[in-house]
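Hi,

Here is the structure I promised to pass on to you. Have a look at it first, and then read on for what turned up.

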Amino acid sequence: MIRAAIQGGTGYTALELLRILLRHPGVEVTAVTSRSETGLVSRVHPSLAGRLNLVFSNPTPDELAGQADVCFCCLPHVASMEAIPSLLAAGLRVIDLSADYRLTDPVVYETWYGHVHTDPTRLGATVYGLPEIYGDRIASQNLIANPGCYTSTSILALAPLLKAGLVRPKGIIIDAKSGVSGAGRSPKVEMLYSECNESFSAYAVGTHRHTPEIEQVLSDVCGEQVDVIFTPHLTPMDRGIFATIYAVPAREVKQAELLETMRQFYAGKPFVHVVEHLPKTKDVSGTNFCHLTARVVKDRVMVLAVLDNLIKGASGVAVQNFNLMYDFDETTGLV
Ligand SMILES: NC(=O)C1=CN([C@@H]2O[C@H](COP(=O)(O)OP(=O)(O)OC[C@H]3O[C@@H](n4cnc5c(N)ncnc54)[C@H](OP(=O)(O)O)[C@@H]3O)[C@@H](O)[C@H]2O)C=CC1
Ligand SMILES: CC(=O)N[C@@H](CCC(=O)OP(=O)(O)O)C(=O)O
């Protein structure tokens, strides 16, 4: 059994990880950390009642390394890069769910996150943990930068068409919507029920920190500088991401060719399904699947993509990465 710790255990991604890991045949969860809680984990996460008899702890990195082989780090960005160097030095392998190790350039990090990166030498050396793109690089790593929810949706939608040269790398518009759990469990006024229920809003227009992450990975995929306008929206549902994407075709192209190109790209990839119909967030809610489709509308290619932000967008893909790191079948615990 691989012993797993979860840091930031009171949050939403931690809860989803616990739900998945408790049904994983090769994992024993040995520690769940919190700064604020000390009692039973199942008191904070009542859906785990009767399934997990652990209490929250707040160990030092060396103590945690004595209890676990791998740590899923479910902390906010900045807190993550403050914690991870010591976890690695103590001998743990780490899957970081935050954005701290996803970008390759510390200057880009500082520009978009407004913080100096305190562990810059690991940027660029850390594998971006999107298994459908970088799956062959994950097994040997001690630190994985788990991708974000909006970014996974956008990258999975566009990678096949950019790689095949069917759409231009410039002039791409990503209109994305997220459920409220995308903002995490830590209280924020704009996420209160009476603020966001029955309301639909855009935010961080032109400034969202996922823009450079999407551009970085897609540029790597197609070998040209990709440029996107990424506009996130908050939608009054618990969970789910829906991305409506517009791109300029590089030549005349039909819907059948788009779908076939996407299917070939994802052949043998168990968690991405290219569908004919228009997908809905409910189709993938509670699962590690991403559903994609494409259309040609007037002089644009459109790609429509859905996934569950807490699973394929966070904790599910983290377990996919864990499975690759420990030589389990990629789908273990996830189907
Ligand atoms: N929610 C989502 O859909 C997605 C989230 N992510 C990323 O995953 C990470 C976790 O997200 P999520 O679970 O939603 O977040 P939450 O806000 O739900 O939980 C984060 C937990 O981290 C702990 N924490 C908060 N601030 C600090 C700090 N400064 N130092 C140490 N611990 C802290 C808190 O636990 P305590 O106070 O008990 O210590 C908190 O419960 C984030 O980096 C997020 O950006 C990525 C993809 C999707
Ligand atoms: C609705 C909402 O607020 N969503 C979050 C995205 C959460 C996420 O994906 O986190 P990473 O930054 O770790 O990728 C946001 O826009 O900041």
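Which helices each supply at least two residues of the shell around ligand 1? They are α1, covering 12–21, and α12, covering 311–325. Before going further, please keep in mind that this is a predicted model.

Let me stay with ligand 1 for a moment. There are 28 residues around this ligand, and G8, G11, S98, G184 and R185 come nearest. The largest share from a helix or strand is that of α1, which gives three residues to the shell. Sorted by class, the shell holds 15 polar residues, ten nonpolar ones and three charged ones. Both domains take part: domain 1 (2–147 + 313–325) and domain 2 (149–309) each provide at least three residues of the shell around ligand 1.

The two helices that serve ligand 1 also pack against each other. The axes of α1 and α12 are 9 Å apart, at an angle of about 45°. Since angles from 35 to 65 degrees count as oblique, α1 and α12 are therefore oblique to each other. Their crossing is right-handed.

Now for ligand 2. The residues around this ligand are S98, A99, G148, C149, Y150, S178, G182, A183, P232 and L234. Here α7 and β10 (228–234) each supply at least two residues of the shell. By class, the shell around ligand 2 has six nonpolar and four polar residues, with no charged residues. You may notice that S98 appears here and also among the residues that come nearest to ligand 1.

Helix α7 has a packing partner too. The axes of α7 (residues 149–163) and α9 (residues 210–222) come within 9 Å of each other and cross at roughly 25°. That angle makes α7 roughly parallel to α9, and the crossing of these two helices is right-handed.

One last item comes from a record. An unreviewed UniProt entry carries the annotation "domain: Semialdehyde dehydrogenase NAD-binding" for residues 3–141. In the model, that span is 32% helix and 17% strand, and its end C-alpha atoms lie 17 Å apart.

Enjoy exploring it, and all the best!

How values were computed: Residues numbered from 1 in each chain as written. Chains lettered and ligands numbered in written order. Predicted model: local features only at pLDDT ≥ 70, side-chain atom pairs only at ≥ 80, totals over all residues. UniProt positions renumbered as here; feature names shortened; annotations may be inferred. Helix = DSSP H or I, 4+ residues; strand = E, 2+ residues; numbered from the N terminus. Near = placed C-beta within 6 Å. Nonpolar A, V, L, I, M, F, W, Y, C, P; charged D, E, K, R; others polar. Domains from an automatic or database assignment. Axes fitted to C-alpha atoms, helices over the stretch in contact; angles between N-to-C directions. Parallel < 35°, antiparallel > 145°, perpendicular 65-115°, else oblique. Left-handed = near helix turned anticlockwise from the far one by under 90°.
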